[in-house]
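Me: I would like to learn how to read a few features of a structure. Can we go through them one at a time?

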Amino acid sequence: MASQEWLEKDFYAVLGVPQDASKKDIEKAYRKLAREWHPDHNPASDAEERFKGISEAYSVLHDDKQRGEYDQIQLMKSGRGGFGGAHAAPGGINLEDLFGNAGGGSGGFSDLFGGLFGGGPGQRRRSGAARGNDLRTNVTLDFADAVKGSTTELRMRAPGECETCHGSGAKPGTAPTTCPKCNGRGLVTENQGAFSFAQPCPECEGTGTVVTDPCPDCGGTGATTKDRVITVRVPAGIGDGQTIRLAGRGAPGERGGPAGDLLVRVTVRSHPLFARDGDNVTVRLPVSFPEAALGAKVKVPTLDGPVTLKVPEGTPTGRVLRVKGRGVPGKGDLLVTVDVEVPVSLTAEAREALEKYAAAAPAADRSKLEELTGQ
């Protein structure tokens, strides 16, 4: 169903496509902009509003019926529709067609727009309904919970549906009544010269009903501020600073509108051993010189308990060894960076053994340095 708000919006400009763009071009533009402006990946303050506008433009232009209605509204708004009475330009709209018909019905400009905006006779006008505000909160997770995923509870004080009237705004035992000004249509007609325009009823704000006996707890708003406990499922692999969106868990809507969303910003505690590299978990592994030179099997910690890792013979400092499947579940690995430790003090026996090794071992290859420097 078309919306009167379409009069003020240029959906083609939002997506950056011409008015004759094909469905394929519209889809391509939407995918590109949605990736760029998704609030979970774009830190800009206006990313959320931009993303909503992009999604709205796509939902209208990708639907043939809605796109046709939108194009007709924009055509009439610009004057290119040819309002001009019986002598309208070719392809224009004849005023006789707008204000009457062969059967002598009421017809008219208000009926035309009423049909487009869903406000025809017998229909309840919902344009006065307002979506609830999005709410924001924060949660701090342990490193392991962020990597493996978890379920946590949020305790917050925020607006929620009134438990006394269950969101109706009316005192228990009563109910909202039909608005006497618009007779439940949610619309009133305003005459402006030869034209008449339908607009939301100021008495009921477009809902078609009024609360004559308001709920004592919420004062007729249908919402109260209260302590809420919300269970949040944290997806495996979520990163520090990312946001989880819980649809419909924000502030209640006004006048029958839908609830907003709850946006939960995640902070991940650092770990004394582990870090993240995308979906991989990283750790540094100290090994002795003999272990690196001769090779060894070394116990390595993971988030799920220790595993035994084979250090190949001749492993240098900085080599990264991989333990499959020990990162983000189903996606990542454990990347083990080898740190070869050089002892800072030696016993007499160790020094003697090392001197014998030095005498028997080949010297370090510095030929490349000599070649490049000539020294």
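Reply: Start with helix packing. Axes are lines fitted to C-alpha atoms, and the angle between them runs from 0 to 180 degrees between N-to-C directions. Two packed helices are described by that angle and by the distance between the axes. Note that this is a predicted model.

Me: At what angle do helix 2 and helix 3 pack, and how far apart are their axes?

Reply: Helix 2 covers residues 23–37 and helix 3 covers residues 47–61; they pack at about 165°, with the axes 9 Å apart. Angles over 145 degrees count as roughly antiparallel, so helix 2 is roughly antiparallel to helix 3. The crossing of helix 2 past helix 3 is left-handed.

Me: Which residues of helix 2 and helix 3 meet?

Reply: From helix 2 they are I26, E27, Y30, L33, A34 and W37, and from helix 3 A47, R50, F51, I54, S55, Y58 and L61. Sorted by class, this contact of helix 2 with helix 3 has ten nonpolar residues, one polar and two charged.

Me: Now the sheets. What is the strand order in the open sheet of three strands?

Reply: The order is 1-9-8, and the pairing is mixed. An edge strand pairs on one side only; here the edges are strand 1 (135–141) and strand 8 (243–246). From one strand to the next, the twist averages 25°. Strand 8 pairs with strand 9 (residues 262–268) in the antiparallel sense, over four bridges. Within that pairing, L246 has L262 in strand 9 as its bridge partner.

Me: And what is the order in the open sheet of four strands?

Reply: That sheet reads 10-11-15-14, again with mixed pairing. Its edge strands are strand 10 (275–277) and strand 14 (320–323). The twist here averages 40° from one strand to the next. Strand 14 and strand 15 (residues 334–340) are paired in the antiparallel sense over four bridges, and V320 stands opposite T337 in strand 15.

Me: Last, a single loop residue. Where is P252 found?

Reply: P252 lies in the loop between strand 8 and strand 9.

Me: Why does P252 count as partly exposed?

Reply: Partly exposed falls between the cut-offs of 20% and 50% relative accessible area. P252 counts as partly exposed because its relative accessibility is 21%.

Me: Which residues is P252 in contact with, leaving aside neighbours within four places in sequence?

Reply: They are G132, P159, G160, E161, A223 and A259. Of these, G160 is 92 residues from P252 in sequence, yet their C-alpha atoms are 5.8 Å apart in space.

Terms used:
Residues are numbered from 1 along each chain as its sequence is written. This is a predicted model: local features need pLDDT of at least 70, side-chain atom pairs count only at pLDDT 80 or more; totals for chains, interfaces and linings use all residues. Side-chain values use heavy atoms; hydrogens and water are left out. Helices (H or I, at least four residues) and strands (E, at least two) are DSSP runs, numbered from the N terminus. Angles under 35 degrees count as roughly parallel, over 145 as roughly antiparallel, 65 to 115 as roughly perpendicular and the rest as oblique. A crossing is left-handed if the near helix is turned anticlockwise from the far one by less than a right angle, and right-handed if clockwise. Contact means heavy atoms within 4.5 Å. Ala, Val, Leu, Ile, Met, Phe, Trp, Tyr, Cys and Pro count as nonpolar, Asp, Glu, Lys and Arg as charged, and the others, Gly among them, as polar. Two strands pair if DSSP finds at least two bridges between them. Buried means under 20% relative accessible area, exposed over 50%, partly exposed in between (1.4 Å probe, protein chains only).
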